[in-house]
Amino acid sequence: MADYRERASDVPAINVESSLALLGPDWETEDAYWQSAYPARPYARADRSYEYYRTAYRYGAERSTIWQDREWSDAEDALRDGWVSADDSTSSWDEMRDAIRDAWDHVRGRSRDDRTHIR
């Protein structure tokens with residue numbers, strides 16, 4: 001009878017980067033990051049709370065994970081169309097584009113934020 005148990009050396013190692021690439025970011029962690037980071041972002045307006053940008057950050061993070069094989073320049077039109085047609089998007093694409101792009105880049109490790117990322 002064959003032994004189907006795997007030895008530890010037969011199981012591929014999983015690290016944080018590969019887990020995020022396969023499963024996407026943990027939204028609670030991303031949410032905590034953006035709550036602390038958004039006030040310093042160049043597009044953030046002083047008269048807008050985090051809640052104003054939250055949906056955009058989540059949208060950008062989720063789409064960046066779903067569309068791993070696409071670059072921003074290839075995905076932007078579809079992202080805009082999706083944002084415009086979303087039921088919960090109360091702000092325009094033009095208002096939210098930079099926040100969506102910021103979250104997209106953050107998930108891919110391309111953030112322009114010099115602070116240590118919460119991951």
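**Serine 49, glutamate 30 and the α4–α5 packing**

Student: Is serine 49 buried, partly exposed or exposed?
Tutor: The relative accessibility of serine 49 is 42%. The classes are buried (under 20% relative accessible area), exposed (over 50%) and partly exposed (in between), with a 1.4 Å probe and protein chains only. Serine 49 therefore counts as partly exposed.

Student: What kind of model is this?
Tutor: Residues are numbered from 1 along each chain as its sequence is written, and side-chain values use heavy atoms, without hydrogens or water. Local features need pLDDT of at least 70 and side-chain atom pairs count only at pLDDT 80 or more, whereas totals for chains, interfaces and linings use all residues; the model is predicted.

Student: With which side chain does that of glutamate 30 make a polar contact?
Tutor: Glutamate 30 is found in helix α2 (helices being DSSP runs, H or I, of at least four residues, numbered from the N terminus). Glutamate 30 counts as buried because its relative accessibility is 1%. At 2.9 Å, its side chain makes a polar contact (N or O atoms within 3.5 Å, one able to donate a hydrogen and the other to accept it) with the side chain of histidine 106.

Student: Is α4 roughly parallel, roughly perpendicular, roughly antiparallel or oblique to α5?
Tutor: Helix α4 (72–85) and helix α5 (93–107) pack at about 130°, with axes (lines fitted to C-alpha atoms over the stretch in contact, angles running from 0 to 180 degrees between N-to-C directions) 11 Å apart. Angles under 35 degrees are roughly parallel, over 145 roughly antiparallel, 65 to 115 roughly perpendicular and the rest oblique. Therefore α4 is, relative to α5, oblique.

Key. Helix = DSSP H or I, 4+ residues; strand = E, 2+ residues; numbered from the N terminus.
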